[in-house]
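User: Let's take this one apart piece by piece. Please start with the ground rules.

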Amino acid sequence: MPVSQPIEHASASCLHCGSPVPQGSPLRGFCCAGCEAVHRLLVDQGLTRYYSLADGKTAPAPEPRQDRGFAWLEPLVARAESSTGSVCSLELDVQGIHCAACVWLMNELFRRQPGGASLTVNPALGKVRLAWRKGAFDVAGFLRSVEGFGYLFGPSRKRPESASLDLPIRLGICAAITMNVMLFSVSFYVGLTPADGDVFSLFSQLSVWLSTGVVLVGGWPFFRSAWRGLRSGVLHLDLPIALGILLVFSTSLLKARDGRGDLAYFDTLNTFVTLMLVGRWLQQRVLERNRRFLLEDDGADGLFARRQEGDRLVTVRAAELRAGDVLVIAPGELVPVDAELLDANASFSTDWVTGEPDVRAVEQGGEVPAGAFNAARAAAHLRARTDFQDSPLVALLRQTPSAPGRVPAHARFWNAVSRRWVLSVLLVSGLGLALWLPQGQDKALQVAVALLVVTCPCAIGIAVPLAYELTQTRLRRLGLFVRSQDLLDRLPRVRKVLFDKTGTLTLGRLELVEREAVDVLAPELRDVAFDLAARSNHPVSRCLAAALSRAGARFSTGARVTEHPGLGLELLREDGLWRLGAPAWAAPGATGAGGTVLARNGQPLATFALRESVRADARREIQALREAGHEVWLISGDAPARVRAMAESLDVPVEHALGGQRPEDKAEAVARIDRADTLYLGDGVNDSLAFERAFCAGTPAIDRPVLPGKSDFFLMGEGLSAIREALELSGRLRRVVRQVIGISLAYNAVTVAVSLAGLMTPLRAAVVMPLSSLSLILFTLVRLSARRQLLAGEPARALKEVPA
């Protein structure tokens with residue numbers, strides 16, 4: 001059901017995922033080519049129920065990869081089928097699963113394939129468990145069918161983080177206990193006194209024991225975090241929370257021991273602990289969901305290759321490869337070491353290493369660089385020239401562990417807030433104790449406890465985590481998925497935005513300069529061109545095949561096409577010899593031909609001019625970034641002349657366009673430019689070293705390993721507006737957080753004055769503390785709601801929904 005006209009406004013929604021369609025996008029009703037391809041596949045296979053189950057929660061779809069290898073799968077399947085019994089099982093990780101519709105789609109595809117026994121999908125962790133009848137089920141075929149819809153599978157590496165299992169349980173226990181303790185406290189507030197004897201004693205003891213459970217169960221995450229911070233010399237944000245819990249609980253125990261449970265603050269303490277747990281859960285919920293969306297990166301250990309050992313073909317880890325090994329690289333699989341081609345010829349794509357989409361034709365004896373992918377339709381035989389440990393991929397694939405205990409500059413603000421809060425609370429409580437001590441020990445202790453209760457750091461514990469959760473949820477709806485907990489604290493400091501070129505500002509694929517060049521073809525020419533282009537993985541062929549398919553070209557299963565690497569494609573039919581490729585080869589006698597030529601018997605019949613496909617909103621977004629005061633740089637491994645031409649077309653200063661950059665050069669350039677204020681966006685493993693030098697980094701490439709695992713965020717869809725939105729929203733978030741802290745300080749000033757005057761009672765504290773927390777929550781919701789921004793006249797591109 002695509003619409004008939006191109007979408008011209010960013011407010012138009014994608015027919016697949018509902019995301020805004022980038023302004024100027026040539027796609028008809030879709031935000032990206034991935035959504036268009038997946039939508040067509042769902043319609044063609046009668047799977048449109050997916051949309052009713054998704055209920056608008058579908059994420060933008062990555063463009064399905066048809067050339068992905070499954071060398072990693074073979075040993076897993078072999079191990080599963082070596083087990084006893086007629087049914088085999090295998091657990092795998094899956095990337096891209098996010099809702100019930102994904103679960104239904106996978107189960108429906110599994111049901112359609114014979115030989116399957118059961119499929120269990122865990123969307124919370126991003127895992128699937130397959131069970132099949134031995135020898136009757138094509139595991140790789142099933143995975144390919146699912147990956148056609150934009151998902152990716154990998155070995156089972158995801159593990160639930162302890163906090164993700166621990167916090168909900170603690171929160172549930174504390175919430176249940178808190179409600180019961182509040183019921184006991186109500187009886188104190190409405191008149192139950194020590195004179196009532198056993199009932200008062202029972203309610204007091206129950207309050208003590210239940211509150212002890214809350215402190216032990218709910219307070220433990222804060223005690224542990226605060227202690228670790230103290231051991232490393234850092235006053236963690238959890239320190240004031242932990243101190244508040246311990247001091248209020250201790251003094252309330254003293255009141256209960258003296259038989260004055262009606263003057264204890266158990267209900268307020270339990271409410272406080274529960275609210276703090278809610279805030280902690282909010283801090284982790286979105287980040288964990290974003291991390292589980294992707295496959296886990298295992299670095300070099302996640303690479304496999306097929307090694308020929310006599311008459312056997314063995315799948316081994318790349319780390320086991322040695323110089324002289326003969327490798328068999330299937331279509332779409334990675335060459336892990338520098339190698340020599342043993343076949344007559346083959347084609348390899350080096351886009352992952354160089355960042356450029358060119359396919360290289362290699363003749364027998366030619367060198368194939370590490371990191372290249374087999375772009376042909378047949379397996380290639382190569383001889384390794386080096387051990388894997390000497391491969392350039394080792395440095396690019398390495399994981400960079402964070403230094404334990406090191407406090408980054410962006411965390412100093414929160415450490416200062418924490419330190420001052422702790423000292424202020426202790427000083428104020430001590431002051432209250434000293435002022436009221438002449439009036440008696442009981443009254444002085446009551447005032448000190450009241451001060452500890454009413455000065456609780458609710459802003460830090462719940463309102464601020466809520467603000468971060470709302471911002472991350474909004475960015476997720478815009479197609480930007482945050483992976484690093486402190487990214488939103490770093491983004492306001494960004495002053496320089498550094499883009500890789502191919503695959504980042506461009507889409508890593510080619511497009512026709514004139515779409516009409518295909519539409520005006522006669523049906524016969526269109527069909528022949530499609531027969532040729534559809535049988536090649538070359539970027540030019542993929543571009544033409546997609547355009548011809550949209551124009552209604554028909555595929556002939558009996559056509560015998562020969563691919564000549566570096567030249568083009570050839571088809572012999574009864575009506576002559578057809579060629580599609582370089583002009584000098586397809587039509588040697590023709591003059592003035594450019595682009596890719598379709599010819600019969602040397603006579604050119606059609607010419608297709610192609611260019612790199614630039615993201616539809618790239619120019620507009622770069623201009624908006626510059627108007628907002630950000631420097632924009634273009635850093636690429638492509639030829640300097642092409643990089644400068646791209647910079648001029650996108651209005652990037654030529655002096656900010658650096659071409660011909662090797663991975664080491666990119667890293668040095670980023671280090672030279674960075675003043676703890678750079679954001680780097682790249683898509684290839686050649687950007688890996690630059691990621692390590694940048695202040696923050698992200699990638700739109702989630703279909704291949706390494707970069708997603710090193711990135712602070714990743715992008716979905718083909719627009720770049722989420723970068724600008726993230727910078728704007730992070731600045732707004734910082735302002736809202738400081739306003740929340742300011743309001744909290746004002747609230748504390750008032751309640752401290754009331755407490756010092758001796759007017760704060762347990763009942764008043766039980767009302768004031770939750771009321772202040774709810775007020776801060778409401779303020780945060782209002783300040784960060786999309787609807788309020790629209791009413792205030794902010795651009796409609798921000799968002800069309802209010803965060804849930």
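Analyst: Two strands pair if DSSP finds at least two bridges between them; strands (E, at least two residues) and helices (H or I, at least four) are DSSP runs, numbered from the N terminus. This is a predicted model, so local features need pLDDT of at least 70 and side-chain atom pairs count only at pLDDT 80 or more, while totals for chains, interfaces and linings use all residues. Residues are numbered from 1 along each chain as its sequence is written, and side-chain values use heavy atoms, with hydrogens and water left out.

User: How many bridges join strand β8 to β11, and do they run parallel or antiparallel?

Analyst: Strand β8 covers residues 339-341. Glu-340 stands opposite Glu-367 in β11. Two bridges join β8 and β11, and the direction is antiparallel.

User: Which strands stand at the edges of that sheet?

Analyst: Six strands make up the open sheet, in the order β6-β5-β7-β13-β8-β11, with antiparallel pairing. Two of them have a single partner strand each, so one side of each is left without a neighbour in the sheet. Those edge strands are β6 (312-317) and β11 (367-368).

User: Is strand β23 largely enclosed or largely open, and why?

Analyst: Buried means under 20% relative accessible area, exposed over 50%, and partly exposed in between (1.4 Å probe, protein chains only). In β23 (residues 631-635), four of the five residues are buried. So, with the rest of the structure around it, β23 is largely enclosed.

User: In β24, what is the bridge partner of Ile-635?

Analyst: On one side of β23, four bridges join it in parallel to strand β15 (residues 496-499), where Phe-499 is partnered with Leu-634. Two bridges, also parallel, join β23 to strand β24 (residues 657-658). In β24, the partner of Ile-635 is Leu-658.

User: β23, helix α22 and β24 make a β-α-β unit of which hand?

Analyst: The helix here is α22, residues 640-649. With the strands pointing away from the viewer, a clockwise path from the first strand over the helix to the second counts as right-handed. By that test, the unit made by β23, α22 and β24 is right-handed.

User: Which residue in the turn between β20 and β21 has a positive phi?

Analyst: Strand β20 (residues 596-600) is largely enclosed by the rest of the structure, because four of its five residues are buried. Four antiparallel bridges join it to strand β19 (residues 576-581), with Leu-580 opposite Leu-598, and five more antiparallel ones join β20 to strand β21 (residues 603-608), with Val-597 opposite Thr-607. The β20-β21 hairpin has two residues between its strands, and the one with a positive phi, about 55 degrees, is Asn-601.

User: How many residues apart in sequence are the parts tied together by Phe-293 and Phe-714?

Analyst: Rings of Phe, Tyr and Trp (its six-membered ring) pair if their centres lie within 6.5 Å, and planes under 30 degrees apart count as stacked, over 60 as edge-to-face and the rest as tilted. The structure holds twelve such aromatic pairs. Phe-184 and Phe-203 form a tilted one, 5.1 Å centre to centre with 45 degrees between the planes, while Phe-293 and Phe-714 are stacked at 5.9 Å and 25 degrees. Phe-293 lies in helix α9 (residues 266-293) and Phe-714 in strand β27 (residues 713-715), so the parts tied together are apart in sequence by 421 residues.

User: Does Phe-203 count as buried or partly exposed?

Analyst: Phe-184, its ring partner, counts as buried because its relative accessibility is 15%. Phe-203 comes in at 22%, so it counts as partly exposed.

User: How many of the residues of helix α18 are buried?

Analyst: Helix α18 covers residues 523-533 and is mostly covered. Among its buried residues are the charged-looking names Arg-526, Asp-527 and Asp-531, along with Phe-530. Out of eleven residues, the buried count is nine.

User: How many charged residues are in the lining of the second largest cavity?

Analyst: A cavity is a set of points on a 1 Å grid over the protein atoms alone where a 1.4 Å probe fits but cannot get out, with lining residues having an atom within 4 Å of a point; points join across faces, edges and corners, and volume is the space filled by probe spheres set on them. Of the five cavities of 30 Å³ or more, the second largest has a volume of about 120 Å³, and its 18 lining residues include Ala-61, Gly-96, His-98, Phe-149 and Tyr-151, which lie nearest its centre. Ala, Val, Leu, Ile, Met, Phe, Trp, Tyr, Cys and Pro count as nonpolar, Asp, Glu, Lys and Arg as charged, and the others, Gly among them, as polar. The lining has twelve nonpolar residues and six polar ones, and the number of charged residues is none.

Key
On a 1 Å grid over the protein atoms alone, a cavity is a set of points where a 1.4 Å probe fits but cannot get out, and a pocket is an open set with protein on both sides within 12 Å along at least five of seven lines; lining residues have an atom within 4 Å of a point.
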